[in-house]
Structures are given as C-alpha cells and as structure tokens.
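Colleague: Could you walk me through one chain of this model in close-up, domains and sheets first and then what it touches? Take your time, I'd like the whole thing as one connected story.

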Amino acid sequence: MSKEMKANNTNKRLHNVHLLKPGEYYLQGSQACIEGAIMAGCRVYGGYPITPASEIMEYASRRLPQVGGRFIQMEDEIASASLLIGASWGGAKALTATSSPGFSLMQEAISIAIMSETPMVIIDVQRPGPGQGYITASQEDVMQARWGHHGEGSIIALAPSSVQEMFDMTIEAFNLSEQWRTPVLVMAEEPVAHMRERLLIPPWNEIEIIDRKKPQDLGIMPENYLPWGHDIVAPMANWGEGYSVNFVALVHLEDGNITKYSPQMHYDCIERLFRKIEGNVNEIARIETKFLEGCKNLVICYGCVARTAMEAVIEARKEGGLDVGYLRLITLWPFPQERLRDIVGNVNTILVPEMNLGMMKHPITEALRDRFQKIVSIPSLGVLHSPEYILSKIYEEIR
Amino acid sequence: MNKLWIDERYCKGCLICVDVCPAKAIKASKEINDWGYILPTEDDMNGCKACGLCELMCPDFAIAIEEVDE
Amino acid sequence: MKKHPMLKYLKEEGPLGQRMPLILCPGCGSGQILNYTLHAVDRIMNKDKIRKENFLFISGVGCSARLTSHYLNFDSAWTIHGRTLAIATGSLLANPAFKIIVFTGDGDTGSIGGNHFIHACRRNIDVTILCINNGVYGMTGGQVAPTTSVGTITTTTPYGNIEEAFDLCKLAETAGASYVARWTTAHPHQVIKSIMKGLRKKGTAFIEILSQCPVHNKLSPVAMLKKLKENTIQISKEKESGEGKSLIGEFCDLDKPEWNESYQKLIDQFDHEEGKS
Amino acid sequence: MESSGFIESEKGDGYERGDEVSHIERYEIRIAGFGGQGVVTIGRILGEAFTLYEGKNSVNTQSYGPESRGGACKSEVVVSDGEIRYPNVRKADVLIALSQVALEAYIADLKEGGILLLDPNSIKNMPDRHKYQVYEVPALEIAHDIGGARFQNSVALGALYPQIAHIINESSLLRAISENVPVETVEINIEAFKRGMSYVKRDEGK
C-alpha cells in the first residue's frame, strides 16, 4: 500500500478514537446500534431515510465524522446497499439501515454481496406490509431475509430484543460478516429500535472484534492469490493493496476466471457458498432457552416478541401452574435445525408468537416435525403482543 | 524496415488496422486463425513510421509494431 | 514475437488459466476504448508518479462492463447493472485516494442507473466516468436504448423508435459534473487526452464516447468508424454545418468542491476539537 | 425539545446514586398529550433518572408515527428493580394527561387508585375523583408565566415528583433535566419543575 493510500484509509486511521467509554448509558436502540457499529470498526455509513429506521441514520450522521468515518445520504436504498459493496472492498467496514420497503430494494445488492463474498451489515427495522403497509412494529421480513435475494445463497440474520442487544448484536453482525465474508442482517423491530434502556459498555478489551482474514497475513503473494479460494472462507485482499483483485459476481473459478464455465464448476462455486454458512450453522447460530427441562409445552419466539413471551411464560407457570418452556431464536438464519432437535424433546404443544401471520413457524415445524402434537401460531400485526394476549392463547391451547 | 506482429490468438479480423494506417502498410491476408477470422498482414512496410495508430485503435490488443533500425 | 504494448496491463492468464482474448465481438468499440484508457493510465502513471494500486476500475453490466470482468491487471469490479457509481462512491468513502475509472454503457448510465448518475454528478464525487454509447443494448440482443435516435429499428422497436434520444453530456453538465466531454472511438488521441484530464480532475469527469456496434448495426467496423466521424462535429464548428450532427468536444471544465474534500473538512473539525481538549 | 447534545465524554464513567429509595417490582408511568408538549422528553428524563441516577431498570417507549408530530402523543416509562421484559404499560400506576383526548384514550388503562395528574385548563370532563388519586396543575399557565408553552412538561414533571418521591430522588430528576434539555434552557426548566412541585394539589372532589 502506498503512503498516500495508507494516510487516507479511514479504517486504519483514527482507530479507537472517540469510542464510547466503558460505563452506563441511557440510549435508544437506534443509537446503541450505531455505537456498536463504531465499536466494531465501522467507518462508512450510507443510507436513505425511511420510517421507522431513520433514527439510525440520523445518529450515524452525527457520530461518523467524529470518529473519522464517513456518512452519506444516498439517492435510494439500491444505492445504499451497493455503496456497502464498494466500501467493503475499499477496506472499510460498512453499514446501512432501512425498513421493509427499502429492504426489498436492497435484495439485488445482497445477492451480489453473497456471491462476491463481501462482508457488510444491513439493519432492517421491519415495518408491516405488503405495500406501504404501516409504520409500526413487524416481523414480516424474516422470510424475505432468507429468501428475498435471487439465487441459491445463504444468509446470516440476527434478531435483537433489547437496547443492549442492538449494541452487542451489531458488533456480532460485523464479526460474523468479517469472519464468514458474507452480508449479515440484523432484523430489528420498531420497539427495539426506539425504546430507551440502560446500555452497558464493557471495558474495550473485553469486546471481541473480528477483522477479515488477509492474504498478506498468510504469506500469499498477489500472483498466487485466489480471491475466492484457499479455504472455505477465502482470505480477502482489499482494493488498493496491490493484489489486482477482479471482483466478479458471475459464476467463477476460485481466481475469478469466468471463461471456464462448466456445470461442475458452477456447482462447486455455489455449493461452497451454501456450505460456508449452512455447514457451519452450529458455530454461527445461537439459541436461548429457559424452563426447557422436560417441559410438556413450548413457546418459541424471537426479537422483541421474546420479551412479551417470557413475561407470559413466567405468569403461566406461576399463576396457571402450567408446564411451559421458553425457547428464543437469537439467530434466525442459518436456521439451527439440528440444534433444535437436540434440545427439544417430545412436547404436546408448541406456540409461536410472531408479529406476522406465522412465518418462522414453517422452519420450526420442519425441524421438529415429529416432536409435537400440535403447533400453533400466535399472530399479531402492527403491534407488539401484550402478555395478556399470549397468556390467553397459552391457556386456550394448553388447558 | 519496421516489423508488424499480429497476435493470432487475439485477432478477430475486424481490419480496422488496415483502414487506419496512414502509410497503407497493412493489408488483409488470405490466412485465417483458429477462430476463423481473417488476419491482417504486412503490405509495403517502406512507408511505416511506427506512428502506432494501428496499435492504438486495435480493439483486441492483437497488433504490435517493432521498430527496426537500419 | 513483439506483443501489444498495453498487454502488460491485462491478465492474459490468471492462476487458474487463460483469460484472453476479450469476449467482445470483432471490431467492437469497447475494446478500442479499453485500449485508449490503458494508454491514458499508462501516461498518468509515468508522468504523475501514481502507483498501479491506486487505480480502480468499476463497471456495471452490459458490453461496456465486460472490460473489467477478469481481464485487468488492476483492482477492478464488475458489479451490478446501473449501480456502478453507487459502488464507486462507497470505495471513495472507504479510501478517497482511489483513482476510479468507471466503464459504463448508455443503458447503464442513461436508463437503469440514471438516478445514481445524476446524483454522482451532483455530489461531484471523484470519479472518471467513461460512457461507451453505442446507441443500443448489445449484450441482450440489440434492444432500443435511451440514446437510440428517433426512427431506428431495433429488436424492441420493430416499427422504428418513437422516443427522443438522451443527451447524456447535457445531463451530466446540468447535474453538476466538473468535467464533461464527448468524443467517438474514431478520435483516439482526444479520448486519451480527456481521460487524462478526467483522472487529474478532482470531481466527476464524464466522458461520453460514441462507439460502434457492428453486429447490431449490420455494418463493418470500418464503415461504422467512418460514419461516426461523418455524423459528429466539433462544438466550435456547430454553427457552420452542425445540422443533425452530434456535438463533440469539451462541454465544461470547472473547478468545484469535490465530495470527499468537503467531507474531510467536517472530519478535521472534530480532530481539532480533540486536539484542544 | 431535543436533547442538547449527545454523548458527553465524562458520561458513563459511573454515577453517584441518590439516597436509598423503595424497592419496586414494576411501576408504570404514562404521559399523554399532543405533539409539541414535550411528552416524549418527560419520558426520556424519567427513564434516564431512574436508570442512571437511581440504579433501577427502566424502559422508555413512545408512540411512533405521524401523530408524534402534532396530534395525539404518548410516552411510557416502566420502572423496576428487577428485569423488565414486556416494555409497555400493562396497567399504569401513573397517568399524566395533558389534553382531553389523551385523558379519554388512556384513562381505562390506569389502575384503580392510580395517580392521575392533569392540567385542569385542558380538561373539560373531569374523571371520577374517587376512583383515582387526582392531582391538578395548570401547567400551561405556569409555563407561560415563566417563559413559554414549551416549559409545561417540566412543570408537569415537577407536579408529579411529590407523588413518586418514594421511588426517586429530586436530585436525580434535576440532573436528568439538565442532561436532556438545551443548555440555555436548563435554568428555566428547573424553575418550571420547582413551580410545578410547589403548586400541585390533590383534588378530592366534592
């Protein structure tokens, strides 16, 4: 890297400057998200305003220049997602945030990023659809997150449920994206993005930050470098580092060669992308459980609905004397099918409260197909379930 | 006299070089390459001053002039 | 055997095999423009002592985009149809030192990427855009483009095109680009000069190059080059015999604030404050 | 009123806590009115005071949508010494109603015997005074008196304080006010708070 390039590389320059000091804060989820991103090393943000995600970009516009990063309001969401690809290969960790209609517009760029194995993070503060839908709480993009982009590519998607997790999981999203060289989605909801809660910043040295693996560190010379080879996750040379990387998103050989097309080469290229994520599901995906030991009934939830669900489960056990377990999907995708089968025994009823008409119920049903008598969706559109509502459903289905 | 080199692997026989040469030093040959394209060849190289226009306007990087001092 | 002087900037072979020849059709103007561009880059590298790794080539999708794909011995990106300038903007935000050359087509710039194009010009981001305008969608089979002239028969205007063609240079100038020029593939020296100017210019340089598609126009490359010369006229001579001809030359050459320069001032303001406390 | 700044560097280094206050399982405060009354700011001030300066947990949420900029508007604070799972009000302990519409919309969710604080000048139909502990403060009038309508939220907050003094210290609220209002208005806001505090009176009905 030339001297001039080094001086201007925003990712290296001003590292560890103006980070939030360890301690307690009272912040909005949107603000915690940006603080997490900055902590993770994010120095480029590009976005387009949309309710209810705009607070994230407003806060980014204040904070990014303070840490030597760059913020830009792009012309639309297509441009914002595309910008991340350029920024990531330019050597920066880059972030955008949007809401459902904007998320739809980003799908092509997400697909390109999966194929080119570009680390980047997208926050989706979901809102109800279809169409303009409404501007309140929703979990209606959880399927779009997995299947919205064209082609056979897998994705990582996380579901935070508190202000603290908006911070922690934005860092985790950057770590996963750098570790697995793939776009990572944070599927937030309006309550989580807008609520204020205590945010605890731990001592900086206790925060794990993962950076992409570099060919330079592995002693791989430019002439032997395979931008999509060497390992299941290839080391990544940024542009500007003398590796003459030819970024391609067409089916390619490990060195980026596109002239040797054959069905076998096609299969090898795509199958590795798929295996990279799905084959490492147990390393990537996290699940949280409570009262699971020998439980006869089970509530499975994710995102901010998990907060209500936990409240309802505790009350059902305490006041109703019901045997109800609790399981929360912290990672939505890749879906931890085998892990779920390992930890969930035979139960009578599974209840799935979601702010949609029953989306994650499908992979749950597929995973636990022979473990339950019945599986019941508890839908709520546009508003977070109340504990009373979930409780009434528990009583209705279990008693 | 300067020497004209045609890269058979890359030439697609568009013959732009023949047209743009101010010295009329290049002509179409009867030879075809493995792709089936007609290759250009040297005509009367006496007028060639190695102006480089054929190299510059070749879309396929398939032509080169070697300046030969006499 | 002596090889073409610009082959040193191309990957004839990669670690896993042969990459050349170029995928383009015989006599395609895009190959010529790549040739001119590499000449310009070669001169800039030598004269301005700019290192190879500072250059970045980005393209979208279409015939023009295939110039990057996997041939260049530079950092390059063959990306998303129309989104080239958004991706270039991202790279510049990550590292403002990049000398970015964007290869784009008339469909890429004037149609699917029109919004990104005008906003890149408005922000005056530091890129050199080479718009290869052949007036047709070549890669997809010869459909009408936003730059196709009225009356032209294409595969999607079988009865003749009824829409006015876009003047992309006027658009770029109005939107705020620092440097705007138009040439044809039949003007190699002018194109090279403009590209060098563009690379040296801080801000958006838009260079439209009218190019030939011999396949979809069913004419020989030589005949098409001749036609391009005949159908264009220098801006200065417009009044004499400009009727019905495309103007070529430089439309504007301004010095205006570039996005990253302006943003750096925002950043520096905080650096100062930090220094004080 | 938007917060004066954001992350101050000395913030987060740890806070001095106020005097010991009562332990609470779950305490729910709802503030409702219309956009521009500073409803959202009161919520933020309360939440920050409980969390950072009292060491309790609190979640502050607000109504979201076009109505937060004109029209009906609400803000909620749930406080607990334990974990707060469901973030919204289930059955409010406190309702501050700054308009008739807000009162009608949210009175049903107020606990029987709960605290109802209102501005009598904004309320046409008074609720059942025997069902709730009703407190009155002419917040808008007092605010006009000391500097303008935009200080009515601090007057209301001051009027609320004596009713929740068992779970929060005055110093915590004052600190949260000074952190969350524009620097140049801190003094007036504190004065508004004190005026509200000294004015407020219990309406026992007849």
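**Chain A in close-up**

Modeller: The domain assignment splits chain A into domain 1, covering 3-206, and domain 2, covering 287-398. Keep in mind that this is a predicted model. Between the C-alpha centres of domain 1 of chain A and domain 2 of chain A there are 28 Å. The two do meet: 22 residues of domain 1 of chain A and 21 residues of domain 2 of chain A make up the contact. On the domain 1 side of chain A, the elements giving two or more residues are α7 (142-147), β6 (156-158), β7 (183-189) and α9 (190-194). Of these, α7(A) gives the most, with four residues. Sorted by class, that side of domain 1 of chain A has 14 nonpolar, five polar and three charged residues.

Let's start with the sheet at the domain 2 end. Five strands of chain A make an open, mixed sheet, ordered β10-β12-β11-β14-β15. β10 (287-290) and β15 (372-379) of chain A are the edges; each has a single partner strand, so one side of each has no neighbour in the sheet. From one strand to the next, the twist averages 20 degrees. The edge strand β15(A) runs parallel to β14 (residues 347-354) of chain A, and seven bridges join the two. If you want a pair to click on, A:Leu351 has A:Val376 in β15(A) as its bridge partner.

Now for the helices on that sheet. α12(A) lies across β11 (297-301), β12 (324-329) and β14 of chain A, and runs at about 170 degrees to β12(A). α15(A) lies across β11, β12, β14 and β15 of chain A, at about 155 degrees to β14(A).

These two helices also pack on each other. Two packed helices are described by the angle between their axes and the distance between the axes. For α12 (residues 305-318) and α15 (residues 387-398) of chain A, the angle is about 50 degrees and the axes are 8 Å apart. That is why α12(A) counts as oblique to α15(A). Their crossing is right-handed. From α12(A) the contact uses A:Thr308, A:Ala309, A:Glu311, A:Ala312, A:Glu315 and A:Ala316, which meet A:Pro387, A:Ile390, A:Leu391 and A:Ile394 of α15(A). By class, the residues of this α12(A)-α15(A) contact come out as seven nonpolar, one polar and two charged.

On to the other sheet. Here seven strands of chain A form an open sheet, again with mixed pairing, in the order β3-β2-β4-β5-β7-β6-β13. β3 (70-73) and β13 (331-333) of chain A are its edge strands, each pairing on one side only. Ignoring direction, neighbouring strands in this sheet are turned by 20 degrees against each other on average. At the β3(A) edge, β2 (residues 42-47) of chain A pairs with β3(A) in the parallel sense over four bridges. One of the residues to look at is A:Gly46, whose bridge partner in β3(A) is A:Ile72. Helix α2 (residues 29-40) of chain A packs on this sheet, where it touches β2, β4 (93-98), β5 (120-126) and β7 of chain A; its direction makes about 135 degrees with that of β2(A).

Finally, the neighbours. Three pairs of chains touch, and the pair with the most contacts is chains A and C. There, 54 residues of chain A are in contact with 42 residues of chain C. The elements of chain A that give two or more residues to this side are α1 (3-8), β2, α3 (54-66), β3, α4 (77-89), α6 (107-116) and β9 (246-247). So β2 and β3 turn up again, both on the list for the chain A side. The largest share, nine residues, comes from α4(A). By class, the side of chain A that touches chain C has 25 nonpolar, 20 polar and nine charged residues.

There's strand pairing between the chains too: β9(A) pairs with β4 (residues 75-78) of chain C in the parallel sense over two bridges. Look there for A:Asn246, which stands opposite C:Ser76 in β4(C). Chain B is another matter: chain A and chain B do not touch, and their nearest C-alpha atoms are 15 Å apart.

Notes: Residues are numbered from 1 along each chain as its sequence is written. Chains are lettered from A and ligands numbered from 1 in the order in which they are written. This is a predicted model: local features need pLDDT of at least 70, side-chain atom pairs count only at pLDDT 80 or more; totals for chains, interfaces and linings use all residues. Axes are lines fitted to C-alpha atoms, for helices over the stretch in contact, and angles run from 0 to 180 degrees between N-to-C directions. Angles under 35 degrees count as roughly parallel, over 145 as roughly antiparallel, 65 to 115 as roughly perpendicular and the rest as oblique. A crossing is left-handed if the near helix is turned anticlockwise from the far one by less than a right angle, and right-handed if clockwise. Two residues are in contact if their C-beta atoms, placed from the backbone, lie within 7 Å. Ala, Val, Leu, Ile, Met, Phe, Trp, Tyr, Cys and Pro count as nonpolar, Asp, Glu, Lys and Arg as charged, and the others, Gly among them, as polar. Domain bounds come from an automatic or database domain assignment. Two strands pair if DSSP finds at least two bridges between them.
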